[in-house]
Every structure is written in C-alpha cells, then in structure tokens.
Amino acid sequence: MNQTASCQAVAWQVEDLLALYDLPLPELLYRAGTVHREHFPAGTIQLSTLLSIKTGGCPEDCAYCPQSARYDTGVQAENLMPLDEVLAAARAARDKGAQRFCMGAAWRSPKPHQLDAVAEMVAGVKALGLETCVTLGMLREGQARQLRAAGLDYYNHNLDTSPEFYGSVISTRPYQDRLDTLERVREAGISVCCGGIVGMGESRRQRAGLIAQLANLDPYPESVPINNLVRVEGTPLAQTEALDPFEFIRTLAVARIAMPRAMVRLSAGREALNDAEQALCFVAGANSIFYGEALLTTANPQVQADQLLLARLGLHAQA
C-alpha cells in the first residue's frame with residue numbers, strides 16, 4: 001500500500017485487495033471483524049428504509065435495472081409520488097424502527113421543478129426525526145446545494161462496478177459523470193452514499209477494482225451499499241450465473257477493511273441469502289441493512305423476518 005499526503009491515509013491497490021480476498025475465509029472474517037470493532041460498537045445495526053418515489057421510465061441502459069425504459073420487465077413508468085404519501089411512508093418506517101429514510105427516483109438527472117418537489121419531501125422527512133437520503137441520478141451545478149439547504153444528510157450515487165467492467169453494463173453514462181456528481185455532493189457538504197453491485201459477471205479482480213475506486217475517494221464514502229445482483233427477467237443480466245454467497249461475504253469483508261469508518265450496507269439481493277449467510281455478512285463487518293418489504297422494484301426480507309433474525313443473532317438497532 002502506498003502512503004499519500006492527503007487526509008486519505010492509504011491508497012489501496014487492486015493487488016492489496018486481491019490478497020485479502022485470497023485469505024482463508026475465517027482469517028478474512030477475523031481481520032474484518034477486528035477492524036469493525038475498532039470503529040463501531042459491536043452488535044448494532046443501522047436500519048434504513050428505501051422508497052421509490054418515482055418508478056420506471058428511466059432512459060439509461062443499465063443492464064441490471066428493471067426501471068430502464070429500454071427493457072420489458074413489467075415495470076410501468078409512474079409519476080412522482082405526492083408529498084403526503086411520501087411522508088406517510090416515512091412515518092410508518094420510523095414507527096417500525098428505521099433510522100434513515102431513503103428516496104429513489106428513476107431519472108437520468110432531475111429537472112429543476114422535480115428537484116423542488118424532492119427538496120420539499122426531504123424537509124418533511126427530516127422534520128419527522130429521520131436521517132434523509134435520496135438517489136436521483138446525476139446532479140447539475142447547484143442542485144446538491146439546494147438539497148443540502150432542504151436538510152439532506154446523504155446522497156446516493158453508486159459507481160456500480162470497476163472502470164474496467166463498467167462499459168459491459170452501462171453505455172449511456174460515462175464513469176466520469178458519476179465521479180462528477182459525487183464531487184458536487186461533497187462540495188455541498190452532503191455525506192456520500194456510494195457503492196456498487198456484484199454478481200454481474202465481473203471477475204474477482206474487477207470486484208477488487210470497485211472497492212479500490214471507492215476506498216481511494218478522498219474521503220471515502222460514509223455509507224457503502226454492497227448490492228448482490230437481483231436477476232430480473234427482461235434485463236440483459238437476467239441469466240447471469242449467481243454469485244457464490246461466500247464470494248459476496250468476502251466482498252463485504254474486504255470493503256470493511258478498506259473503508260473502516262464507513263457504514264457497510266447489506267443491500268439489494270439479501271432476499272437470496274439464508275439466515276446463516278446473512279449472519280456471516282454481519283460478522284464480515286456489514287452494519288446497515290435496508291429494512292422493509294421492497295427495494296425500489298425488487299423484493300426484500302419482510303420486517304418481521306428481519307426483527308426475528310436480529311433477535312436470534314443478539315443484534316439490535318442503532319440508537
């Protein structure tokens with residue numbers, strides 16, 4: 001690892017991360033767990049709820065996404081949800097124990113009038129005592145500052161994968177556009193939520209390349225969602241071979257070691273993991289989950305099932 005002069009103390013090389021991936025799984029989990037306990041209290045999990053406030057009709061061609069207008073997945077384009085419905089969903093999430101409320105809209109980039117409406121939602125959710133997060137696509141100059149003024153805590157904009165594999169998944173948005181949006185979010189004083197998707201047919205080296213990109217952001221994201229591809233019929237990746245659960249767990253562990261102070265979020269694809277595999281994800285350093293019945297348009301474990309699992313594992317929600 002190379003030392004840098006910036007506040008980002010370590011520049012991670014792909015080879016360094018591959019060496020972690022290659023460790024025996026018990027050793028990797030031990031190292032990740034040790035790093036986790038140095039920065040977070042043991043046994044606490046942040047609970048977040050994700051609501052699709054504008055579903056379908058996206059012009060992008062992301063090969064994994066059922067909301068793309070280019071694919072026939074059965075997802076219909078809908079209008080932006082009314083404010084009162086969003087706030088009702090936020091209250092219900094809060095009452096079920098969620099600490100953060102995330103709102104997602106299937107846009108390439110929000111138009112000014114759309115951003116005005118979302119800013120009103122952010123202010124309303126913030127007033128309910130919840131942390132706020134939105135994912136709206138690319139942001140233009142000044143838009144992040146508008147969201148910050150409304151009370152936004154986090155902006156989600158994933159890198160999705162490594163630069164080397166990116167062109168195999170997306171052609172309508174260059175990698176640099178994603179980095180530019182993250183820079184605007186940082187400049188506005190909003191915390192960054194940024195991660196990616198694994199299991200899209202990428203190699204282990206390319207998974208390590210994604211983590212290197214994330215960890216070498218200066219500073220690295222405060223929140224890092226690691227998504228396991230949900231294979232949706234009608235998308236180009238529908239027939240992709242499922243990722244070995246242990247490889248997914250390794251990815252979480254490597255992310256924890258590379259970004260020790262980040263909330264490592266066990267995100268989409270959790271429905272495919274059994275209870276024992278989810279338990280190993282927490283051992284690997286995941287300390288945040290999406291909590292609710294759906295993630296935008298795909299399934300997520302039910303609230304009662306999550307409550308029971310956390311109780312069985314002796315884990316509790318972050319205060």
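Is Glu247 buried or exposed in this predicted model? Glu247 is buried, with a relative accessible area of 10%. The views below start with this residue and then move to other spots.

**View 1. Glu247 and its arginine partner.** Glu247 belongs to helix 9, and its side chain makes a polar contact with the side chain of Arg204 at 2.7 Å. If we skip neighbours within four places in sequence, the residues in contact with Glu247 are Tyr21, Arg204 and Arg207. Keep helix 9 in mind, as it comes back in the view of the nonpolar core.

**View 2. Arg108 in its loop.** Look for Arg108 in the loop between strand 4 (100-105) and helix 4 (112-127). It counts as partly exposed because its relative accessible area is 33%, which falls between the 20% and 50% cut-offs. The side chain of Arg108 makes a polar contact with the side chain of Glu60, at 3.1 Å. Glu60 is also among the residues that Arg108 touches beyond four places in sequence, along with Cys58, Pro59, Leu136, Gly137, Met138, Thr172, Arg173 and Asp177. Take Thr172 from that list: 64 residues separate it from Arg108 along the chain, yet their C-alpha atoms are 9.4 Å apart.

**View 3. Asn158 and the residues around it.** Here we are in the loop between strand 6 (154-156) and helix 6 (163-166), where Asn158 is found. Asn158 has a relative accessible area of 14%, so this residue is buried. Its side chain makes a polar contact with the side chain of Asn156, at 3.0 Å. Leaving out residues up to four places away in sequence, Asn158 touches Arg178, Pro225 and Asn227, plus the run Cys193, Cys194, Gly195 and Gly196.

**View 4. Arg184 on helix 7.** Arg184 is part of helix 7 (residues 175-187). With 28% relative accessibility, Arg184 is partly exposed. Its contacts, not counting neighbours within four places in sequence, are Leu139, Arg140, Glu141 and Ala144. Gln143 makes a handy distance marker: it is 41 residues from Arg184 in sequence, and the C-alpha atoms of the two are 8.4 Å apart.

**View 5. Two tyrosines, edge to face.** The model has 1 aromatic pair. Its partners are Tyr166 and Tyr175, and the pair is edge-to-face because the ring planes stand at 90 degrees, with the ring centres 5.0 Å apart. Anything over 60 degrees counts as edge-to-face. Tyr166 is buried at 5% relative accessible area, and Tyr175 is buried too, at 12%.

**View 6. Arginines over rings.** Two spots have an arginine sitting on an aromatic ring. In one, Arg100 lies over the face of Tyr154, 3.6 Å from the ring centre. In the other, the charged end of Arg265 is over the ring of Phe290, at 5.1 Å from its centre.

**View 7. The nonpolar cores.** In soluble globular proteins, nonpolar side chains tend to be buried together. The largest nonpolar core here has 95 residues, and Tyr64 and Leu147 touch the most other members. Helix 9 (residues 245-258) gives the most to this core, with 8 residues. A second, separate core has 6 residues, including Leu50, Cys102, Cys193 and Phe290. Back in the largest core, zoom in on Leu147: apart from its neighbours within four places in sequence, it is in contact with Leu115, Val118, Ala119, Val134, Leu136, Leu139, Leu152, Tyr155 and Ile190.

**View 8. Helix 11 and its two faces.** Which residues of helix 11 (residues 303-313) are buried? They are Val303, Asp306, Leu309 and Leu310. These four span an arc of only 125 degrees around the axis, so they sit on the same side of helix 11. An α-helix has 3.6 residues a turn, so residues three or four places apart point the same way. The face turned away from the buried side carries the exposed residues Gln304, Leu308, Ala311 and Arg312. Among the elements covering the buried residues of helix 11 are strand 3 (44-54), helix 10 (275-283) and strand 11 (288-290). Just after the helix, Gly314 takes a positive phi of about 75 degrees.

Notes:
Residues numbered from 1 in each chain as written. Predicted model: local features only at pLDDT ≥ 70, side-chain atom pairs only at ≥ 80, totals over all residues. Heavy atoms only, no water. Phe/Tyr/Trp six-rings, centres within 6.5 Å; stacked < 30°, edge-to-face > 60°. Buried < 20%, exposed > 50% of the residue type's maximum accessible area, 1.4 Å probe, protein only. Lys NZ or Arg CZ within 6 Å of the ring centre and 35° of its normal. Helix = DSSP H or I, 4+ residues; strand = E, 2+ residues; numbered from the N terminus. Arc of directions from axis to C-beta. Contact = heavy atoms within 4.5 Å. Core = buried A, V, L, I, M, F, W, Y, C linked by side-chain atoms within 4.5 Å. Polar contact = N/O pair within 3.5 Å; in protein donor to acceptor, adjacent residues only side chain to side chain.
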